[in-house]
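Trainee: I am new to this structure and would like a close look at one strand and what surrounds it. Could you walk me through that part and then link it to the rest of the chain?

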Amino acid sequence: MMCSVIPLILVVVAPQSLNFNFFVSFLMLWPALVKEEFSVIDLPELLRSIKIVPVLTIESLDDAIPICQALARGGINAAEITLRTPVALEAMTLVKEAMPDFIVGAGTIKTPKDIEALAKIGVAFGVSPGFTKTLSNCAEENELLFLPGVATPSELLTGMETGRTCFKLFPAEAVGGIPLLKSLAAPFEGIVFCPTGGVSPENYQTYLNLPNVVCVGGSWMVSPALIAEKKWDKITQLTKTALEM
Ligand code: 3PG
């Protein structure tokens, strides 16, 4: 939108009120402005739009689509599928093919090889329990929207050195949860978090109310017990309830 409007304004206004040098400088900056407008999807905005990221561990490939359909019926059209089982990568591919509108993220990224495999599949975002520069660089090289995990201010500083501003707080409840996020807000202004690990129906809303939280991650609506018993309707109901609160 801005890209189309600004040149029009310039053409109309420039001859009267802008000197020639300013006009030339602006035109030279134009490619950068266009690039900014059409830059890759913003990770915090994507996560904010999901709001509650179901953290999904799929043991059986047959369950992948029914679980994601149950989530979608409940109103959450996204999931983080963890790389904790042998079928995880295949499950991501399957869901992406069967449900093109469903946002397939990947979790438990621990090695550059994980990122390379995910880049081939083309997942919407990738989550790691921790932060390393190697992983961060690899994610950038593979153009993966990357959400690395942090648990301390020092890890946060290391992550920020790579230009990142959005982190998973993990394991959220165990490392300080809501009081920790409140304490991080002032010294780390502008940094946002997706707390995950111990987030539950009892506390997720309090997390979401914090200004430095863009979304929460949790497995309560897709717990291993629900999946093992194939309780797809219960998954839908828990998802709906979470969104209604
Ligand atoms: C995980 O790593 O399993 C996620 O953080 C989910 O944690 P939770 O099961 O405590 O929601």
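Mentor: Both faces of β1 are covered. On one side sit Ile-52, Pro-54 and Leu-56, on the other Val-53 and Val-55, and every one of these is buried. Put as a count for the strand, which spans residues 52-56, 5 of its 5 residues are buried. A general point helps in picturing the two groups: in a regular strand, side chains alternate between the two faces of the sheet. Please keep in mind throughout that this is a predicted model.

Now look at the strands beside β1. Towards β9 there are 3 bridges, and the two strands run parallel. You can find this pairing by locating Ile-52, which stands opposite Val-216 in β9. Towards β2 there are 2 bridges, again with the strands parallel. Here the residue to look for is Leu-56, which faces Ile-81 in β2. As background, strands of a sheet pair through backbone hydrogen bonds, either parallel or antiparallel.

Step back and the whole sheet comes into view. It is an open sheet of 6 strands, ordered β5-β4-β3-β2-β1-β9, with parallel pairing. The edges are formed by β5 (146-147) and β9 (216-218); each has a single partner strand, so one side of each is left without a neighbour in the sheet. Moving from β1 through β2, you reach β3: 5 bridges join β2 (residues 78-82) to β3 (residues 103-107), and this pair is parallel as well. Ala-79 is a handy marker there, with Val-104 as its bridge partner in β3.

How does the chain get from β1 to β2? Together with α4, these two strands make a right-handed β-α-β unit. The helix α4 covers residues 61-74, and Leu-61 belongs to it. Beyond its close sequence neighbours (those within four places), Leu-61 is in contact with Val-87, Glu-90, Ala-91 and Leu-94. Its C-alpha atom is also 9.9 Å from that of Val-95, a residue 34 places away along the chain.

Another helix to visit from here is α13 (residues 232-244), which contains Thr-239. Thr-239 has 0% relative accessibility and therefore counts as buried. A polar atom of the Thr-239 side chain lies 2.6 Å from the backbone oxygen of Ile-235. Again setting aside neighbours within four places in sequence, Thr-239 touches Leu-71, Gly-74, Gly-75, Ile-76 and Met-221. Two of the residues in that list, Leu-71 and Gly-74, fall within the range of α4.

Next, return to β1 and follow Val-55, a buried residue of that strand. Val-55 is also among the residues around the ligand, along with Arg-84, Phe-170, Thr-196, Gly-197, Gly-198, Gly-218 and Ser-219. Some of these place polar atoms close enough for distances to be worth noting. In Arg-84, an N or O atom of the side chain is 2.6 Å from an oxygen atom of the ligand. With Gly-198 it is a polar backbone atom, 2.7 Å from a ligand oxygen. Gly-197 likewise uses its backbone, where an N or O atom lies 3.4 Å from an oxygen atom of the ligand.

Further along the chain, α6 (residues 112-121) shows how a helix can have two contrasting faces. Its buried residues are Ile-115, Leu-118 and Ile-121. Viewed down the axis of α6, they fall within an arc of 115°, so they line one face of the helix. The face turned away from that buried side carries the exposed residues Lys-113 and Lys-120. As for what the buried residues pack against, the partners are α5 (88-98), β3 and α7. That brings you back to the sheet, since β3 is one of its strands. Just after α6, Gly-122 takes a positive phi of about 80°.

The helix α7 (residues 133-141) contains Asn-137. Asn-137 counts as partly exposed because its relative accessibility is 40%. From C-alpha to C-alpha, Asn-137 and Thr-162 are 8.3 Å apart, with their positions 25 residues apart in sequence.

Finally, here is the setting for everything you have visited. The protein chain has 13 helices and 9 strands. Of its 245 residues, 44% are buried. Among contacts between residues at least 6 apart in sequence, 62% join residues at least 24 apart.

Notes: Residues numbered from 1 in each chain as written. Predicted model: local features only at pLDDT ≥ 70, side-chain atom pairs only at ≥ 80, totals over all residues. Heavy atoms only, no water. Helix = DSSP H or I, 4+ residues; strand = E, 2+ residues; numbered from the N terminus. Contact = heavy atoms within 4.5 Å. Buried < 20%, exposed > 50% of the residue type's maximum accessible area, 1.4 Å probe, protein only. Pairing = 2+ DSSP bridges. Right-handed = clockwise from strand over helix to strand, strands pointing away. Arc of directions from axis to C-beta. Near = heavy atom within 4 Å. Polar contact = N/O pair within 3.5 Å; in protein donor to acceptor, adjacent residues only side chain to side chain.
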